[in-house]
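Please look over the structure below, beginning with its surface and ending with a single helix.

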Amino acid sequence: MKRSKTFSNGLWIALAYLLALTGFAFAAGEEEAAWNGGLRQKFFGDRPIEEGNQIVELTAPYRAEDPALVPIQISSKIPQTKDRFIKTVTLIIDNNPVPFSGIFHFTPESGKADLAMRVRVNAYTHIRAIAETNDGKLYMNKAFVKASGGCSAPIGTDLEAAMARMGKMKFKLDNEKAVLRQPNLAQLLISHPNITGLQMDQLTRMIKPAHFVEEVKVSFNDKPVLTAQTDIAISADPNFRFYFVPETAGELKAEIRDNKGNRFSASQTVTP
Amino acid sequence: MKVPAIALLLPFIALNVPARDDTSKISLQQVAPGIYVHQGIHELPDRHNRGEIANIGFIVGQRCVAVIDTGGSPDQGRALKKAVESITTTPICYVINTHVHPDHIYGNIAFKQPGVSFIGHHKLAEAMAMRAPFYREKAERDLGFGLETENFVPPDHPVRDTLVLELGARALVLKAHRTAHTDSDLSIYDARTKTLWLADLLFMGHLPVIDGSLNGWLATIEELRKIDAELAIPGHGPVSADWPEALEPEERYLKTLQSEIRAFIKDGRTMEDAMANVGLSARGDWQLFDEFHKRNISTAFAELEWEDE
Ligand SMILES: [Zn+2]
């Protein structure tokens, strides 16, 4: 009895040592495994992707404080002009159960293709922002984030209250008076529980079905500023920061749709 | 901090209850007649401490014992049960869970037997159900032990508002609170000794952790303050403390968060900005500040963004 225990302990230590060694050797490649093993192909096929921060730069905390609420920012390095602009930014979180987190469409009227939002991160992973410019070229910037359990993290403490408030939206503008013909920073707050479908009720063995914002359309005087298709990685109560360029006074409008077909809209008067 | 007045009248009895082996001992202090508290440690739950970090204990009446929180592991629950049995022959009738957090409920299974009723906030069962899969994964990863569904013993008696538990010549008043530290906070008041067992509604030394509602917690503190108690028992901190002075550091911290975050939101500043800059003056006042402060800010920021709705 005693001998076999010692033996198995010894074996265990040897195994752990081996694992540590090989784990260390793999570590560098492992971070790219999901991307190279299919994600890249799935979303971009064989198209060349230039890596670096020359077009967009992604900022994320290296260690997440709350895996269900990780603030990230995407800053663009080129202005949005009629001739040259960022058309889309795709957000991929490699090791999330649903890596596709969102695609954001910009126009020259966006002024600046900057974005900020909060996401769920389920495992140590790269987060990637892949920008496509209007000439069809792809540029990628990535950041590594240490977090776990963001997608299965329990639903916020008061689901009843969250459901009652669902669909409320508000805009916040950086300045009370808009600056005409310049990019103005705006924030859109959406009240929605954004349930991931990965949060299980242990007693009833029921999974709360996924219920999340699938589409966000922001326009200014009916011209699109930001259009997004989003998925479960977006944190509860989605919050987007972006730019728009008002040529005159007018109305900033948001229309959203969730995966159950609920539609909500809100608007905000913008005066110079 | 002043020594609690009652401590001068009462000898603190430190007990190291002997048990079958050295690993299952638990130290307890009698903070008021018939009220025993085990003092936790200010550490993050990990494989070394096995999540056994919270203050837990029990109250003895003439007919019944009520256990208040069962500890951070099944082993700690078993050690607490042995300790009760070595101190009194009065049977355990009730196990009160003050809220859903693992360091307070993972010993539940040790007490599950006929004749023992589990009592908790009316939202506790749902909170347990919703969190169990996540918590089980976390226990395996961080604490080094596995948990089964059975470990999460939901309450037999949900408390919606208040409940009086008769222990025999001693009545406990249990109150279910609005969302504060969590959405399942329950406090216990022992009228005989004017002791208010607050569990994690009161943090001392260990930075308060917001896993419910900052505004709700501050509103709860306002209500708690009116309670005529001599002694409070925090969920993390000393085994007992003067009332209501014990509340002050926690209230100051939460109010600082509230006012500074409100100002950030009003100025259109971001959550990231708030996480880097809010409330840093409190850093020297608390243990585990770096571990929980930023997360508190992000939780509170997300709440306060919607507070005018
Ligand atoms: Zn707690």
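The exposed area of chain B comes to about 12,300 Å², and 51% of it is supplied by carbon and sulfur atoms. This figure, like the others here, belongs to a predicted model. Chain B carries 31 positive and 44 negative charges, and the mean positions of the two sets lie 3 Å apart.

Below the surface, 60% of the 309 residues in chain B are buried, meaning that they have under 20% relative accessible area. The contacts can be sorted by separation along the sequence. Among contacts in chain B with a separation of 6 or more, 66% are between residues 24 or more positions apart.

The chain is built from eight helices and 14 strands. Its radius of gyration is 19 Å, close to the 19 Å that the globule rule gives for 309 residues, so chain B is as compact as a globular protein of that length. Measuring along the principal axes, the C-alpha trace spans about 60 × 45 × 35 Å.

One helix can be followed in detail. Helix H2 of chain B runs over residues 74–87, which makes 14 residues. From its first C-alpha to its last, H2(B) reaches 20 Å, close to the 20 Å expected at 1.5 Å a residue.

Which residues of H2(B) are buried? They are Pro74(B), Gln76(B), Gly77(B), Ala79(B), Leu80(B), Lys81(B), Ala83(B) and Val84(B). Their cover includes five elements of chain B: strand S2 (27–32), strand S3 (35–38), strand S4 (56–60), strand S5 (65–68) and strand S6 (92–96).

Notes. Residues are numbered from 1 along each chain as its sequence is written. Chains are lettered from A and ligands numbered from 1 in the order in which they are written. This is a predicted model: local features need pLDDT of at least 70, side-chain atom pairs count only at pLDDT 80 or more; totals for chains, interfaces and linings use all residues. Side-chain values use heavy atoms; hydrogens and water are left out. Helices (H or I, at least four residues) and strands (E, at least two) are DSSP runs, numbered from the N terminus. The expected span of a helix is 1.5 Å times one less than its number of residues. Buried means under 20% relative accessible area, exposed over 50%, partly exposed in between (1.4 Å probe, protein chains only). Contact means heavy atoms within 4.5 Å. The radius of gyration is taken over C-alpha atoms; the globule rule is 2.2 Å times the number of residues to the power 0.38. Accessible areas come from the Shrake-Rupley method with a 1.4 Å probe; for residues, only the protein chains shown count as cover. Lys and Arg count as positive and Asp and Glu as negative; His and the chain ends are not counted. The place of a charge is taken as NZ of Lys, CZ of Arg, CG of Asp or CD of Glu.
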